[in-house]
Number of protein chains: 2
Amino acid sequence: MRVLVAEDDRGLRETLSRGLRESGYTVDAVPDGQAAVEYLRTYDYEVVVLDWRMPQVSGLEVLQWMRRDARANPVLMLTARDTPRDRVTGLDEGADDYLVKPFDFAELLARLRALQRRPRTAQPPRLAVGDVIYDPAAQEVRIGSQRPALTATERGILEMLMRRSPAVVDRRSIAQSVWANDADALGSNTIDVHMARLRSKLAGGRVRIESVRAVGYRILGQ
Amino acid sequence: MRVLVAEDDRGLRETLSRGLRESGYTVDAVPDGQAAVEYLRTYDYEVVVLDWRMPQVSGLEVLQWMRRDARANPVLMLTARDTPRDRVTGLDEGADDYLVKPFDFAELLARLRALQRRPRTAQPPRLAVGDVIYDPAAQEVRIGSQRPALTATERGILEMLMRRSPAVVDRRSIAQSVWANDADALGSNTIDVHMARLRSKLAGGRVRIESVRAVGYRILGQ
DNA sequence: AGAGGCCGTAACGCAGTCTTCATGATCCGC
DNA sequence: GCGGATCATGAAGACTGCGTTACGGCCTCT
C-alpha cells in the first residue's frame, strides 16, 4: 500500500512516516503542497494524507488540484481547525475523510483502512455534463453562465441522470430517487411530463436527454 | 436520493427527517434496528444513517448484518461515544463514516454528499461473445465500436443467448425470458421474426446465431 | 382570500415496435 | 425424391410507449 503524506511539521511528519511503515505501508513524506503535487504527478498512491495548513501551497489547494485533474485517490485531511464550517469546506472540496489534530494513531490507521475499502471517489463534488453543471451542495444548476430555475423534482431527476451519465437510468431508479412511493410514479406519465419540462429548461445547453424506449433516459453532453 | 435513518430518539429522528427532506432527500425514518433491517430488506437506499445505540438491535448489529448480506450501501454511523477505540470499532466493521453527537447539521449534509460521491457499482458484469459485448446494467450492446440500436425484446433475447453461449437455448427458455406468457410466443412464429431482425442487426459482427432445428438457437463467436 | 408556482393526471397524436400472415426456402425421415 | 415439418423473410396492421398540451388541486407567500 503506497501512501503519500504531506505535512509541514517535521516532528509529526516523521512520526507518521515511521508509524505507517511499521503498519505495513510504503510511505512517501513531503513537507509542503508543492512537493505533494510533484509526487502525485509522478507516482501513484492508494491514499493521500494532507495537512490542511502548509506553507505556500495548502492541503486544500493540493486537493483542489487533484480533483481538477480528475485524480480519484482517497484523501484524508489533517487539520488543527475544528469548526463544522471548515469540515464542510474540506468535504465538499472532495476530501474523503477528515481528522482533527491531535489524533489517536490507531484511529488514523482505522480511517485509512476504511478509505482503502471505499471505492475511489471518482467524482468531484460538482457534476458536469456538457456545459451543464450541478452542485449538489448548493442544489444549483448552471448552463454556462445561465441559471435556469429548476424545481426540486426536476433537480432530483437531473442529479440522477448526471450521476449515471452516460449510462441509461431506468424509470424505476428515477422513480425511487425522487419519490418515496415509486409505484404511482411508474404507473402514470408523471416522469414523462417532468422529463419534458426538464428538457425545455435545458434547451440551449450543450446537452440532450435521450429516451431509451422501454427502459428509461440518459443525459449526454454534446 | 433515498436515505434510511435509524434513530431511536424521537426528537432527533424527526429533526433529521425534516432537515434531510428540506435538503432534497427522500427519507424513511425508523426507531430501531429491527425496523431498519426490515426496511433494508424491502427497499433500496443510497445512503444509510445508523444510530449506534438503539434498543434491541443496535446500529452496529444492523451494520454487521448488512455487510454479511453483502450490502454495499454507504453507512454513516451516529454516536454519542467518542473514544478513539469506539471509532476504530465502527470503521473496522465497515462503516464508511462516523459522526459524533451532537453534530452540526451542515456537516452531516456534507458527509452524506461525500458518501454519495462513491462511484456506481464497482464494475458492471459484462457478457461477451465474439466482438459483441452486452452490459446488462446499462442495457447496452456494442459490436466493436458500433452501437446497434436494439429494441427491448431483441436485447432480452440476445442476453439469454449470450448467457448460455455456446449452448443451445430452447424456444421455451427464450419465450419465458422475454414474455410473461410464453404460450402465445411459442404458438406463433414471433420468435423467428425477432431472431431474423437480431441477425440482421448483428450482421457485421464476428458472431452468428445458429438455429438448431426443433430445439432453439445459439449464438457463437467467430 | 387571491395569485402564482409546482405537481400529478388525462387525453391525444405520433413514431417505433411487435405480432400476424403469407410465401418461399430448407431440412429430415421414409 | 417426396411430403411434412421447420425455419426465414418481407410486408401490413395492431399495439405500445413517449411527447406534448391542457387542466385541476395543492401549497406558499403576500
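Modeller: Helices are DSSP runs of H or I with at least four residues, strands are DSSP runs of E with at least two, and both are numbered from the N terminus. This is a predicted model, where local features need pLDDT of at least 70, side-chain atom pairs count only at pLDDT 80 or more, and totals for chains, interfaces and linings use all residues. Residues are numbered from 1 along each chain as its sequence is written, while chains are lettered from A and ligands numbered from 1 in the order in which they are written.

Colleague: Where is A214(B) found?

Modeller: Phi of A214(B) is near 70°, a positive value in a residue other than glycine. A214(B) counts as exposed (12 or fewer other C-beta atoms within 10 Å of its own, placed from the backbone; buried means 20 or more, partly exposed in between), with 7 such neighbours. Its place is the loop of chain B between β10 (207-212) and β11 (216-221).

Colleague: Is Q56(B) buried or exposed?

Modeller: Q56(B) is not a glycine, yet its phi is positive, about 65°. It sits in the chain B loop between β3 (47-51) and α3 (59-68). There are 10 other C-beta atoms within 10 Å, so Q56(B) is exposed.

Colleague: What is omega for the cis peptide bond of S165(A) and P166(A)?

Modeller: P166(A) lies in the loop between α6 (152-164) and β9 (169-170) of chain A. The cis bond joins it to S165(A), and omega is about 5°.

Colleague: Which elements give two or more residues to the surface near DNA strand D?

Modeller: Near means a C-beta atom, placed from the backbone, within 6 Å of the strand. By that rule 18 residues surround strand D, and the closest include S211(A) and D192(B). Two or more residues come from α9 (190-202) of chain A and α9 (190-202) of chain B.

Colleague: How many residues of the surface near DNA strand C are charged?

Modeller: 23 residues surround strand C, with T151(A) and S188(B) among the closest. Asp, Glu, Lys and Arg count as charged; Ala, Val, Leu, Ile, Met, Phe, Trp, Tyr, Cys and Pro as nonpolar; the others, Gly among them, as polar. The split is seven nonpolar, 10 polar and, for charged, six.

Colleague: Which element gives the largest share of the largest nonpolar core?

Modeller: A nonpolar core is a set of buried Ala, Val, Leu, Ile, Met, Phe, Trp, Tyr and Cys residues joined through C-beta atoms within 7 Å. The largest has 36 residues, and V3(B) is one of those that touch the most other members. Six residues, the largest share, come from α5(B).
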